[in-house]
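Me: Could you walk me through this one? I'm new to it, so I'll just ask things as they come up.

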Amino acid sequence: ATYRNSVNTVDLVPANLRAFSDPAERERVMEAAGRLDALNALANIAAVPVSQATMWQDCVSNPGVPGACQSLLKAALNPNLKHIGFRFAGLNGISNLAGLEQNKKVMWDDLDVQKAFTGAARLRKGSRMGPAEREAWQKGTMLRGIREMGLKGLATFAQSPQLKRAMWSDADGARAALLNGARITVEVPEDNRAKEYACQALASMAGEPSLQVPMWEDSAIRTALIDAASSTDMNDREARAMAVAALQHLAMASDNQENMWKGQNKAADLSTQATLGAPIPTYPGMGAASAWAGGRRLGSPHAFLPERERGAAVPGTAADLLMRREAMQRDIDEWITAGAMLGVRS
């Protein structure tokens with residue numbers, strides 16, 4: 001009820017309210033803090049399975065009547081930079097509600113839900129930003145967090161078998177938003193999670209057989225997945241795993257296999273060769289695996305493939321990348337097995 005009072009408010013509430021000498025200003029900030037607490041509480045309740053069905057059903061049964069879902073959705077749609085904390089909480093809450101499978105289809109059919117998530121997921125720094133938006137990107141992580149929540153929601157919806165094709169067909173909405181997310185250059189943790197969610201959503205969609213060929217034939221999506229899967233940035237490790245999973249699904253389509261092996265659109269695929277040839281960063285245990293395997297250079301094309309397999313796939317293609325990842329996992333598995341035999345804890 002406190003949240004539904006329509007007042008203009010600041011996004012961040014200072015911890016020391018005594019800094020406000022004007023009682024009216026102090027009251028306004030205190031009310032903002034109460035509204036934000038209320039929204040975050042609703043978002044937390046929306047994560048509880050027993051609440052998810054009834055909360056959204058309340059929204060459907062009583063359209064236009066202020067309630068929990070309406071409050072979350074109203075906040076999720078608010079583009080005002082002064083209300084960015086409310087938008088974050090709203091997106092988080094609606095995303096949590098979509099965690100229940102029976103909610104996904106009916107929620108996605110709500111155009112306001114689509115608008116909230118695709119709008120947030122498409123946020124990015126650009127030359128056309130206004131002064132306030134530029135300052136928001138430079139001085140904090142809240143806009144990045146909004147984008148993260150938008151992509152989290154899309155990844156949640158993409159898990160539903162009923163929605164994969166609909167989301168892919170939405171070329172200017174969901175698909176464009178996921179492409180934007182898969183192209184993120186990671187600078188802060190919020191970027192890392194956002195990119196992971198985007199690649200996770202694409203991996204979910206790639207599991208739908210009817211989408212595997214059109215997804216591979218989409219040059220922008222194909223290039224984004226190859227670039228993400230071949231990243232050597234430690235901050236990209238979760239997104240990289242999801243991108244490799246997406247390529248694995250796409251390789252299940254017989255119409256894709258020859259092109260993935262020989263290299264479709266060589267200009268796009270070969271543009272990633274420089275990245276593919278860079279050393280892959282070491283993870284806990286990876287250095288030991290490399291040393292145990294004979295000190296082979298992880299980043300060289302086919303470095304982990306047996307001699308008889310090297311050169312079979314064109315360097316820089318998706319097949320080359322998948323072969324290297326699979327071979328690297330074989331060596332890691334062998335190292336773990338050897339360590340276990342020696343009584344070494346991995």
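Me: Let's start with Thr 156: is it buried or exposed?
Reply: Keep in mind that this is a predicted model. The relative accessible area of Thr 156 comes out at 13%, and the cut-off for buried is under 20%. So Thr 156 counts as buried.

Me: Where does Thr 156 lie, and which residues does it touch, leaving out those up to four places away in sequence?
Reply: Thr 156 belongs to helix H8, which covers residues 142-157. Leaving out residues up to four places away in sequence, the ones it touches are Ser 95, Ala 98, Gly 99 and Lys 104.

Me: Thanks. Now the charges: how many salt bridges does a search of the whole structure find?
Reply: One of them joins Lys 125 and Glu 187, at 3.4 Å from N to O. Searching the whole structure gives a total of 12.

Me: How many residues apart in sequence are the parts that Lys 125 and Glu 187 tie together?
Reply: The side chains of Lys 125 and Glu 187 meet in a salt bridge. Lys 125 is in the loop between helix H6 and helix H7, while Glu 187 is in the loop between helix H10 and helix H11, so the parts they tie together are separated in sequence by 62 residues.

Me: And Glu 148, which forms a salt bridge with Arg 193: which helices does that pair tie together?
Reply: The closest N and O atoms of Glu 148 and Arg 193 are 2.9 Å apart. Glu 148 sits in one helix and Arg 193 in another, so the pair ties together parts 45 residues apart in sequence, and those helices are H8 and H11.

Me: Is Glu 148 buried or exposed?
Reply: Its partner Arg 193 is partly exposed, at 34% relative accessibility. Glu 148 has a relative accessibility of 6%, so it counts as buried.

Me: Which residue meets Lys 195 in a salt bridge?
Reply: The N to O distance for this pair is 3.3 Å. Lys 195 is in helix H11 and its partner is in the loop between helix H13 and helix H14, 41 residues apart. Both residues are buried. The partner is Asp 236.

Me: Which residues do salt bridges with shared partners join into one network?
Reply: We've already met Lys 125 and Glu 187 as a pair. The network formed through shared partners takes in Lys 125, Arg 144, Arg 147, Glu 187 and Asp 191.

Me: On to the rings. How many aromatic pairs does the structure hold, and how is the pair of Trp 108 and Phe 157 classed?
Reply: The structure has two aromatic pairs. For Trp 108 and Phe 157, the centres are 5.1 Å apart and the planes are at 55°, so this pair is tilted.

Me: What about Phe 117 and Phe 157: how is that pair classed?
Reply: Their ring centres lie 5.7 Å apart. Phe 117 is in helix H6 and Phe 157 in helix H8, so the pair ties together parts 40 residues apart in sequence. The planes are at 70°, and over 60 degrees is the cut-off, so the pair is edge-to-face.

Me: Which residues form one aromatic cluster?
Reply: Phe 157 pairs with Trp 108 and also with Phe 117. The cluster is made of Trp 108, Phe 117 and Phe 157.

Me: Last one: which ring does the charged end of Arg 175 sit over?
Reply: The charged end of Arg 175 is 4.0 Å from the centre of the ring. That ring belongs to Trp 168.

Conventions
Residues numbered from 1 in each chain as written. Predicted model: local features only at pLDDT ≥ 70, side-chain atom pairs only at ≥ 80, totals over all residues. Heavy atoms only, no water. Helix = DSSP H or I, 4+ residues; strand = E, 2+ residues; numbered from the N terminus. Buried < 20%, exposed > 50% of the residue type's maximum accessible area, 1.4 Å probe, protein only. Contact = heavy atoms within 4.5 Å. Salt bridge = Lys/Arg side-chain N within 4 Å of Asp/Glu carboxyl O. Phe/Tyr/Trp six-rings, centres within 6.5 Å; stacked < 30°, edge-to-face > 60°. Lys NZ or Arg CZ within 6 Å of the ring centre and 35° of its normal.
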